[in-house]
Amino acid sequence: ANPRDYRNLLGGAITANRADGGLGSKTYASFDGGQSWIDTRFDQQMRFGGGDPQVAFTPQGTALFATLAMTPDESGRTRAAMHVYRSEDGGRTWAKPADLRYSWDHPQIAVDQSAGRFAGRVYIGVLHGFPVYRVSIFRSEDDGRTFIGPVEAANGGGKIGINVISTMVLSDGTLVVP
């Protein structure tokens, strides 16, 4: 829910709506508390597919949509890139994404809604680095326009598999990466 307008809700989903029947992510926004919804399809998702959608609002009311997008890399190989889209109108329209490059999995988004020194910071936890299994964090300090990182938070040392789940920010601004 948008912290500036409780009637503005945002959701993300993996849907089978590509022309070939494949999977892609899209968003759903409501401006009347969930009575009606509009959906947005993203060109990259419709062309190549994707998944792992995550949505959030910043304290400024900016909607964020993070998702993996299958895309050809420089050599023509299809890989999962992470894209983070911003909407300053609650999810009606979306700007071109921040491209956080390739080889991430299972993104998890959290926003610092506290009044602490990191208020407004956006965090995205990701899994990467098989067979070591690393969990790392990207962060944005400019309302989701650009991202810094990743910074490694933990790794399985090549001996155990780990994954990032439900990152969260506590009321004092502490980032928790389970």
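# Close-up views of a predicted model

Pro-131 sits in the loop between strand 9 (122-128) and strand 10. The model shown in these views is predicted.

**View 1. A cis peptide bond precedes Pro-131.** The bond in question runs from Phe-130 to Pro-131. Its omega is near 10°. Most peptide bonds are trans. Look for Pro-131 in the loop that leads from strand 9 to strand 10.

**View 2. A cis bond also links Gly-149 to Pro-150.** Here omega is near 15°. Where does Pro-150 lie? Pro-150 belongs to strand 11.

**View 3. Strands 8, 9, 10 and 11 form an open sheet.** The four strands line up in the order 8-9-10-11. Their pairing is antiparallel. Which strands form the edges? They are strand 8 (105-111) and strand 11 (148-155). Each edge strand pairs on one side only. From one strand to the next, the twist averages 25°. Now follow strand 10 (residues 134-140) beside strand 11. Five bridges pair these two strands in the antiparallel sense. Arg-134 stands opposite Asn-155 of strand 11.

**View 4. Strands 4, 5, 6 and 7 form another open sheet.** The order is 4-5-6-7, again with antiparallel pairing. Strand 4 (50-57) and strand 7 are the edge strands. Each of them pairs on one side only. The twist averages 20° from one strand to the next. How many bridges join strand 4 to strand 5? There are six, and the two strands run antiparallel. Ala-56 has Leu-64, in strand 5, as its bridge partner.

**View 5. Ser-103 has a positive phi.** The angle is near 75°, in a residue other than glycine. Most residues other than glycine have a negative phi. Ser-103 lies in the loop between strand 7 (98-102) and strand 8. Is Ser-103 buried, partly exposed or exposed? Ser-103 counts as partly exposed because its relative accessibility is 41%.

**View 6. His-106 has a positive phi too.** The value is about 55°, although His-106 is not a glycine. His-106 is part of strand 8. With a relative accessible area of 25%, His-106 is partly exposed.

**View 7. The largest nonpolar core has 16 residues.** Which residues have the most contacts inside this core? They are Met-82, Val-84, Leu-100, Ile-124, Phe-138 and Phe-147. Strand 5, strand 6, strand 7, strand 8 and strand 9 each give two or more residues to the core. Apart from this core lies another, of eight residues. Ala-29, Phe-57, Ala-63 and Phe-65 are among its members.

**View 8. Ile-124 and its contacts.** Leave aside the neighbours within four places in sequence. Ile-124 is then in contact with residues including Ala-66, Met-82, Val-84 and Pro-107. Gln-108, Ile-109 and Ser-136 are also among the contacts of Ile-124. So are Ile-137, Phe-138 and Phe-147.

**View 9. Ser-75 touches Asp-73 through a polar contact.** Side chain meets side chain at 2.8 Å. Ser-75 is in the loop between strand 5 (63-72) and strand 6 (78-87). Is Ser-75 buried or exposed? Ser-75 is exposed, because its relative accessible area is 64%.

**View 10. Glu-74 and Arg-101 meet in a salt bridge.** The N to O distance is 2.8 Å. The pair links distant parts of the chain, 27 residues apart. Glu-74 lies in the loop between strand 5 and strand 6, while Arg-101 lies in strand 7. Glu-74 is exposed, at 63% relative accessible area. Arg-101 is partly exposed, at 40%. Elsewhere, salt bridges that share partners join Arg-86, Glu-88, Asp-143 and Arg-145 into one network.

**View 11. Arg-7 pairs with Asp-5, and Asp-20 with Arg-18.** How many salt bridges does the structure hold? The total is 13. In the bridge between Arg-7 and Asp-5, the closest N and O atoms are 3.1 Å apart. Arg-7 is partly exposed, with a relative accessible area of 41%. Asp-5 is partly exposed, with 23%. In the bridge between Asp-20 and Arg-18, the closest N and O atoms are 3.2 Å apart. Asp-20 counts as exposed at 56% relative accessibility, whereas Arg-18 counts as buried at 16%.

Notes
Residues numbered from 1 in each chain as written. Predicted model: local features only at pLDDT ≥ 70, side-chain atom pairs only at ≥ 80, totals over all residues. Heavy atoms only, no water. Pairing = 2+ DSSP bridges. Axes fitted to C-alpha atoms, helices over the stretch in contact; angles between N-to-C directions. Buried < 20%, exposed > 50% of the residue type's maximum accessible area, 1.4 Å probe, protein only. Polar contact = N/O pair within 3.5 Å; in protein donor to acceptor, adjacent residues only side chain to side chain. Core = buried A, V, L, I, M, F, W, Y, C linked by side-chain atoms within 4.5 Å. Contact = heavy atoms within 4.5 Å. Salt bridge = Lys/Arg side-chain N within 4 Å of Asp/Glu carboxyl O.
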